[in-house]
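Work through the following exercises with the sequence and the coordinates side by side. Each task is followed by a solution that goes step by step.

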Amino acid sequence: MAEKPVIEPGPDHPITVTPNHNRVIVTVAGKVVADTRNALTLQESTYPPVQYIPLADVDQSLLERTTTETYCPFKGDASYYSIPLGGENSTDAVWEYQAPHDAVAAIKGHVAFWDGRVDAIDVEAEGARA
């Protein structure tokens with residue numbers, strides 16, 4: 001089997017990972033799945049920013065690991081979780097890079113949520129009231 005390509009971010013495809021201390025809340029079917037002030041915002045090239053939430057701040061009892069796997073030459077191998085509470089729409093709604101490439105090593109131990117497969121990913125400005 002051929003080795004998977006590894007591409008370093010650069011001027012043509014920049015990736016930044018920065019701490020986001022605003023409150024990030026993810027909900028599915030009226031239930032809070034994640035609530036954190038320790039998210040990391042990953043900005044990749046011209047794509048919308050993605051919030052990576054520490055797995056410790058996710059209600060893992062609501063997740064179910066799937067057999068889905070994908071590969072990104074910039075980030076590595078991703079594995080997925082579904083959120084059964086959300087029904088078919090929430091299949092493979094969550095992904096994780098368990099061994100991310102060095103350029104994005106900070107996202108290890110964090111998960112991200114597909115915007116269209118959860119009810120909401122709310123990012124509250126610092127100082128906002130819940």
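**Exercise 1.** Determine whether Asn-89 counts as buried, partly exposed or exposed, and find which residues distant in sequence are in contact with Asn-89.

*Solution.* Begin with the cut-offs: buried means under 20% relative accessible area, exposed over 50%, and partly exposed in between, with a 1.4 Å probe and protein chains only. Asn-89 has a relative accessibility of 44% and therefore counts as partly exposed. Next, place the residue: Asn-89 belongs to the loop between β7 and β8, where strands (E, at least two residues) and helices (H or I, at least four) are DSSP runs numbered from the N terminus. Then list the contacts, a contact being heavy atoms within 4.5 Å; once neighbours within four places in sequence are left aside, Asn-89 is in contact with Gly-116 and Arg-117. Gly-116 is 27 residues away from Asn-89 along the chain, and their C-alpha atoms are separated by 8.2 Å.

Two remarks on the source apply to this and every later exercise. The model is predicted, so that local features need pLDDT of at least 70 and side-chain atom pairs count only at pLDDT 80 or more, whereas totals for chains, interfaces and linings use all residues. Residues are numbered from 1 along each chain as its sequence is written, and side-chain values use heavy atoms, with hydrogens and water left out.

**Exercise 2.** Describe the chain as a whole: how many helices and strands are there, and why does the radius of gyration agree with a compact globule?

*Solution.* The chain holds 0 helices and 10 strands, which gives the pattern β-β-β-β-β-β-β-β-β-β when read along the sequence. For the radius of gyration, taken over C-alpha atoms, the globule rule is 2.2 Å times the number of residues to the power 0.38. With 130 residues this rule leads to a value near 14 Å, and the chain has 15 Å, which agrees. The C-alpha trace spans about 45 × 35 × 25 Å along its principal axes. Of the 130 residues, 40% count as buried, and among contacts between residues at least 6 apart in sequence, 53% join residues at least 24 apart.

**Exercise 3.** Identify the residues that touch the most other members of the largest nonpolar core, and then examine Ile-83 and Leu-63.

*Solution.* A nonpolar core is a set of buried Ala, Val, Leu, Ile, Met, Phe, Trp, Tyr and Cys residues joined through side-chain atoms within 4.5 Å. The largest such core has 18 residues, of which Val-33, Ile-53, Val-58, Ile-83, Val-94 and Phe-113 touch the most other members. Two or more residues come from each of β2 (23-28), β3 (31-36) and β9 (110-113), and the largest share, 3 residues, is that of β2. A second, separate core of 13 residues includes Tyr-52, Tyr-80, Ile-107 and Ala-112.

Beyond its neighbours within four places in sequence, Ile-83 has contacts that include Val-28, Val-33, Leu-63, Val-94 and Phe-113. Leu-63, in the loop between β5 (50-54) and β6 (64-72), counts as buried because its relative accessibility is 13%. With the neighbours within four places again left aside, the contacts of Leu-63 are Val-33, Val-58, Tyr-81, Ser-82, Ile-83 and Val-94. Leu-63 and Ser-82 are 19 residues apart in sequence, and 5.8 Å apart from C-alpha to C-alpha.

**Exercise 4.** Locate Ser-45 and Asp-92, state their phi values, and decide for each whether the residue is buried, partly exposed or exposed.

*Solution.* Ser-45 lies in the loop between β4 (39-44) and β5, with phi near 50°, a positive value in a residue other than glycine. Ser-45 is partly exposed, because its relative accessible area is 24%. Asp-92, in the loop between β7 (76-82) and β8 (94-96), likewise is not a glycine and has a positive phi of about 50°. Its relative accessibility is 13%, so Asp-92 counts as buried.

**Exercise 5.** Find which residues Thr-41 touches beyond its neighbours up to four places away in sequence.

*Solution.* Thr-41 is part of strand β4 and, at 16% relative accessibility, counts as buried. The residues touched by Thr-41 are Thr-16, Val-17, Thr-18, Asn-20, Pro-49, Val-50 and Gln-51. Pro-73, by comparison, is 32 residues from Thr-41 along the chain, with 19 Å between the C-alpha atoms.
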